[in-house]
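User: I would like a close look at a single part of this structure. Please keep the explanation plain and take it step by step.

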Amino acid sequence: MALVILGATKCSICEKIIYDGDKYQKFAPFIANKDDPLRIFSDAACHDDCFYDHPLAKEAIIRYKEIRGIDKSR
């Protein structure tokens, strides 16, 4: 899982600092290919608003669950 240090970690999308009280998403490494557009989310953290407004957010969730073996029925 991405390491988040509040007040120091930058959002992987907007590159602004994630502060205490900010809502954010964090992901374990799940994309190795540097050319994959979803790589921006791999082993990274981002503000909730940045993530959910991103055009690849839904695809990232699907791929993350597939690769990490997460069964959403649990």
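User: Which residues do ring pairs link into a cluster?

Analyst: This is a predicted model. In it, ring pairs join Phe 27, Phe 30, Phe 41, Phe 51, Tyr 52 and Tyr 64 into a cluster. Across the whole structure, a search finds seven aromatic pairs.

Take the pair of Phe 27 and Tyr 64 to begin with. Their ring centres are 5.1 Å apart and their planes stand at 80°, so this pair is edge-to-face, the class for planes over 60 degrees apart. Phe 27 sits in the loop between β1 (24–26) and β2 (45–47), while Tyr 64 belongs to helix α2, so the pair ties together parts that lie 37 residues apart in sequence. Phe 27 has a relative accessible area of 5% and is buried. Tyr 64 also counts as buried, at 10% relative accessibility.

Tyr 64 has a ring pair with Phe 30 as well. Here the centres are 4.9 Å apart and the planes are at 90°, so the pair is again edge-to-face. Phe 30 is in the loop between β1 and β2, and Tyr 64 is in helix α2, so this pair ties together parts 34 residues apart in sequence. At 7% relative accessibility, Phe 30 is buried.

The cluster can also be viewed alongside the nonpolar core. The largest such core has 16 residues, and those with the most contacts inside it are Phe 27, Phe 30, Phe 41 and Phe 51. At least two residues of this core come from each of β2, α1 and α2. Helix α2 gives the most, with three residues. As background, nonpolar side chains in soluble globular proteins tend to be buried together.

Phe 51 shows what such contacts look like for one residue. Setting aside neighbours within four places in sequence, Phe 51 is in contact with Ile 13, Gln 25, Phe 27, Phe 41, Cys 46, Ala 57, Ala 60 and Ile 61. Two of these partners, Phe 27 and Phe 41, are members of the ring cluster.

His 54 lies in the loop between α1 (48–53) and α2 (57–68). Its relative accessibility is 19%, and because buried means under 20%, His 54 counts as buried. Leaving out neighbours within four places in sequence, His 54 is in contact with Ile 13 and Phe 41. Ile 13 and Phe 41 are also among the contacts of Phe 51.

How values were computed:
Residues numbered from 1 in each chain as written. Predicted model: local features only at pLDDT ≥ 70, side-chain atom pairs only at ≥ 80, totals over all residues. Heavy atoms only, no water. Helix = DSSP H or I, 4+ residues; strand = E, 2+ residues; numbered from the N terminus. Buried < 20%, exposed > 50% of the residue type's maximum accessible area, 1.4 Å probe, protein only. Contact = heavy atoms within 4.5 Å. Phe/Tyr/Trp six-rings, centres within 6.5 Å; stacked < 30°, edge-to-face > 60°. Core = buried A, V, L, I, M, F, W, Y, C linked by side-chain atoms within 4.5 Å.
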